[in-house]
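Hi,

Here's the structure I said I'd pass on. Have a look at it first, and then read my notes underneath.

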Amino acid sequence: MTATAPRIAVGGFALESVSFLPQETGLADFESQACRGRDLIEGLAGTASVAGGFLEVLSAAQVEAVPLVYSDCSAAGPASDAAFEHFREELQQRLAAAAPLDGLLLFLHGAMTTPTRPDPEGDLLAALRAQAGPDLPIMVAFDLHANLSPRCASLCTALFGFHFSPHVDMAETGGRAARCLLAKLAGRQDPKLALVKVPLVLPSIFTATALAPLSDIVDRSLALPAEVSGVIDASVFCGFAYADTPDIGFSVAVVADGDRDLARREADKLAAMIWQQRDALLHAELVQSLEDGLRSAQDLALRSDRPVVVLEHADRLNNSTWCLGRLLKDAPELSVHCPYFWDPETAARAVAAGSGARISVELGDKTAVRSGGAVSAEAEVLWAGEKRFLGRGPMRRGRQIDLGPSALLRIGRHTLSVVSLCTSAIDLDALEAFGIDFAELDILLLRSKTHFRAVYEPLAAAIVIVDTPDWGTANLSRLPYRLVPPGVYPLARSAAPGQTADEPPLEPPQEKTGNA
Ligand SMILES: [Zn+2]
């Protein structure tokens, strides 16, 4: 450590990549989420983000945070190689300019892919480690859905994962990493990391950490530091099933004080617990077919005085029409709302027509051929304009939410908000920003995986999860993996929900070129 007060660099570059989506996440997408310099410090302090946690701990310890660059693009298609190169170079340049430093705090997702890089986080950490030298402490916070490579683990000093999905502890995770770094700099701790992979992957829908037995596994990881002397921290990573990478799947990271063997032994025990529970973790019973799910949702909505949440979880771009088209046709008597439908063309037409206008719309069918086809309708424009506001939900508190040109449309008794910038609806902001009252609805149609549970699980009469052929299907045997090694459970078999075991996987379809 330098003789003066420590200087800690703070940065982030995060994306959860669905490798199979044809739309790349480009430089402009990352730039739209990027902050630097004072904007990073002032814009992210106090937010629910990982950086919010880094900054809170550094500020409380009166340690100087040196901002690099921070961009979290959430979930989308693969990062473009150009975008990866740009941010790798920028992080390296800013790291060089920030010297002398005592440590680096980074947020990476862990499930980014690019067309040519199955392990971009490993490539980025290799570049930063080569530049910083072997001794600079580099603490990295990763998403619970990281597909961690052993190479990543070998390049950081310690790593930390969100304990929960919904990710309500992003800032706390940043705090864990920052506290460990400060303890190391002060000589109070000597963190040693062990990472153990488990050849198991779950559809994201089953990674809700309140679901047993995943809840028991997470509870065990939470209890470790108190119960096992010398353990500093433990994280369970569920992996991300929709990123095609050799490192797909679960892993366990344990950080122990000065004792890598202890970290390894405890990580092995947790990994064995996960492997033992592999069948129970695959909750096939939670997912229904499109037809069965929508029928039961309509029945429940008619009998209940609270809204039913229908989850079209396989949609990765917020523009699938499998459920919307059927609900418009089969349930015209119900009040259905679909928030954040991503359709820039329709949003632009509604904005041009203005509030009060009636327009013909062709919803969807603008990106992936698996997204359900176009839905034609006559719509009334209830509101249209630019939509931007400050997030208030448990995961987006304090963050600017920018939806671009947007509109609230009414089709019969159904309403939908149509947006130009793709983001998923996970909290009440998505409704309230357009004046929709959740309690007044019969059915709310969402495309979240687990994050919606933080808000809607206590409010909804029921959550009905339907599977569709889209890119986020619960039937992993339908996905055209190329890089996943043999033996990752359950990919070697095809007994996913609603499918017969001998059904052949679909060939990768020809996609339209994207506009993401
Ligand atoms: Zn995640």
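Let me start with Pro-67: beyond its neighbours within four places in sequence, Pro-67 is in contact (heavy atoms within 4.5 Å) with Val-10, Gly-37, Leu-40 and Ile-41. Before you read on, this is a predicted model, where local features need pLDDT of at least 70 and side-chain atom pairs count only at pLDDT 80 or more, while totals for chains, interfaces and linings use all residues. Residues are numbered from 1 along each chain as its sequence is written, and side-chain values use heavy atoms, with hydrogens and water left out.

Back to Pro-67, which sits in strand S3 (strands, E, have at least two residues and helices, H or I, at least four; both are DSSP runs numbered from the N terminus). Its C-alpha lies 5.3 Å from that of Gly-37, although the two are 30 residues apart in sequence. Pro-67 counts as partly exposed because its relative accessibility is 23% (buried is under 20% relative accessible area, exposed over 50%, partly exposed in between, with a 1.4 Å probe and protein chains only).

Next, the helices. H3 (residues 50-60) packs on H7 (residues 170-185) at about 40°, with the axes 6 Å apart (axes are lines fitted to C-alpha atoms, for helices over the stretch in contact, and angles run from 0 to 180 degrees between N-to-C directions). That angle makes H3 oblique to H7 (under 35 degrees is roughly parallel, over 145 roughly antiparallel, 65 to 115 roughly perpendicular, and the rest oblique). On the H3 side, the contact is made by Val-50, Gly-53, Phe-54, Val-57 and Leu-58; the H7 residues include Met-170, Gly-174, Arg-179 and Leu-182.

H3 is mostly covered, with eight of its eleven residues buried. Those buried residues pack against H7, helix H2 (37-44) and strands S1 (7-17), S3 (64-76), S4 (103-108) and S5 (138-142). After H3 comes Gln-62, which has a positive phi, near 55°.

Finally, the metal. Which residues coordinate the zinc ion? They are Asp-143, through two OD entries, His-145 (ND1) and His-167 (NE2), at 2.1 to 2.8 Å (donors are N, O and S atoms within 2.8 Å of the metal, or 3.2 Å for Na, K and Ca; water is not among the atoms, so sites may look incomplete). The angles among the four donor atoms run from 51 to 145°, and the site is irregular (four donors are tetrahedral if all angles lie between 85 and 135 degrees; four are square planar and six octahedral if opposite donors are over 155 degrees apart and all others between 65 and 115; anything else is irregular). Along the sequence, the donor residues follow D-x1-H-x21-H, and both Asp-143 and His-145 are buried.

Cheers
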